[in-house]
Amino acid sequence: MKEPPENGTAPSPRSSERDPAERDDEKWMRRALEEGSKGHPSPNPHVGAVVVKDGAVVSTGFHARAGDVHAEGAALAAAGESAEGATLYITLEPCNHFGKTPPCTDAILASKVKRVVIGCADPNPSVTGGGIDRLRAAGVEVTTGVCEAEALRLIAPWSKYVTQGLPHVSLKLALSLDGRIATRSGASKWVTGPDARARVHALRSQHDAVAIGIGTALADDPRLTVRDAVGESPVRIVFDTKLRLPPASRLVETAIEVPTWVICNADASGAAEETLTTRGVEILRAPSSAEGRIDVAGALRLLAARGIVTLMVEGGAELAGSFLASRLADELHAFLAPSLLGPRGRPGAVDWAGPATPADAPHIAEPTWELCGKDAHVFGPLVYP
């Protein structure tokens, strides 16, 4: 006899009539999704895998780094002979082509698993359907679309990269309650507290690159490294139309230690380029916009061509505005400090024309709110009406 629900209400027909096997598939796929969130495999996608047999986990795996064994290969290797007759749960359709590693379909077939459950199909136009078709042709039972929405979210940055040739862009803002980023004297250190800054450092470590505009570089002389969290520092990028980045800046002085790229337009000074390159800075020349600034979309295509899948834009207001005006920011991370900087403080965190009406405003579709010490962190995917 089934126990009644804790809230005393009868279960919905949908939940009570669902196939237990379907519920189990979702349970184990969510475990695979947890595994898939680990590692830093860029420019490859995040993928997780779980081998299950007789209702218990035999092994797990994830894709740790580009060039390393893929998630399903790691899970099957850990399972060994126990994989025979088991079910393999994998968040993304297994590859069926040679890259830096052999096709994962070979390892799956060699393992003699009975069934493969897949979260989402591979969106890469050059390989769509290959892995699923190969497994089915070999007689393996394949189920697709389990926890598909979650699986697609896991690979969203990489999916944009392979289908559009653009990095996935996270926009980070730190502002006061009245929307200011600095005081009337221009002081901006620090609008938010140490917990929020540690969260920002953790976010940096999860991205391939972090970018700022030349205004922020000149005003703050930042390092843009990961210091208050565990992880590696990303590539540091400065949008600098006329190559005004000072050779004595901390970014240039540490360019040998941490990759530092400066994006300028075609007519920026050749002498300035030579000065920066001799100090280890790489210069990328992007197309110009109609206003004579750097064309953001063109710059993003340059970065994608160099293997940048995820980019976090940290400021300043003009650069943030350019990404929003171009509808090229995919995700927003706003850190809100419980302070007021006043009407004579520096302008808002975003400098752009903005929407004509509130209904036209870009917004976070499903915002998550968390406390970072005394500050609030609201984040989620951006929607452009």
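This passage describes the fold, the surface, the cysteines and one loop residue of a predicted model.

The protein chain has an average pLDDT of 90. A score of at least 70 is reached by 92% of the residues. Residues 1-13 stand apart from this, with a pLDDT below 50. Beyond near neighbours in sequence, that stretch makes 3 contacts in the model.

The chain contains 13 helices and 15 strands. Its C-alpha trace spans about 70 × 55 × 35 Å along the principal axes. Contacts between residues at least 6 apart in sequence were also examined. Of these, 70% join residues at least 24 apart.

The surface was considered next. The protein chain has 385 residues, and 45% of them are buried. About 18900 Å² of the chain is exposed. Carbon and sulfur atoms supply 52% of that area. The chain carries 40 positive and 47 negative charges. The mean positions of the two sets lie 5 Å apart.

The cysteines came next. The count of disulfides in the model is 0. Cys 120 is one cysteine that takes part in none. The nearest cysteine sulfur to it belongs to Cys 147, at a distance of 11 Å. A disulfide requires two cysteine sulfur atoms within 2.5 Å, so a separation of 11 Å does not qualify. Cys 120 has a relative accessible area of 2%. The cut-off for a buried residue is under 20%, and Cys 120 is therefore classed as buried. Cys 372 is buried as well, because its relative accessible area is 5%.

Ala 64 was examined as a single position within a loop. This loop runs between strand S2, residues 56-62, and helix H3, residues 71-79. Is Ala 64 buried, partly exposed or exposed? Its relative accessible area is 26%. Partly exposed residues fall between the buried limit of 20% and the exposed limit of 50%, so Ala 64 is partly exposed.

Which residues does Ala 64 contact, leaving aside its neighbours within four places in sequence? The contacts are with Gly 39, His 40 and Pro 41. Val 47 offers a comparison of distance along the chain with distance in space. Ala 64 and Val 47 are 17 residues apart in sequence. From C-alpha to C-alpha, the two are 8.9 Å apart in space.

Key:
Residues numbered from 1 in each chain as written. Predicted model: local features only at pLDDT ≥ 70, side-chain atom pairs only at ≥ 80, totals over all residues. Heavy atoms only, no water. Buried < 20%, exposed > 50% of the residue type's maximum accessible area, 1.4 Å probe, protein only. pLDDT = per-residue confidence, 0-100. Contact = heavy atoms within 4.5 Å. Helix = DSSP H or I, 4+ residues; strand = E, 2+ residues; numbered from the N terminus. Areas by Shrake-Rupley, 256 points an atom, 1.4 Å probe, with all protein chains shown as cover. Lys, Arg positive; Asp, Glu negative; His and termini not counted. Charge placed at Lys NZ, Arg CZ, Asp CG, Glu CD.
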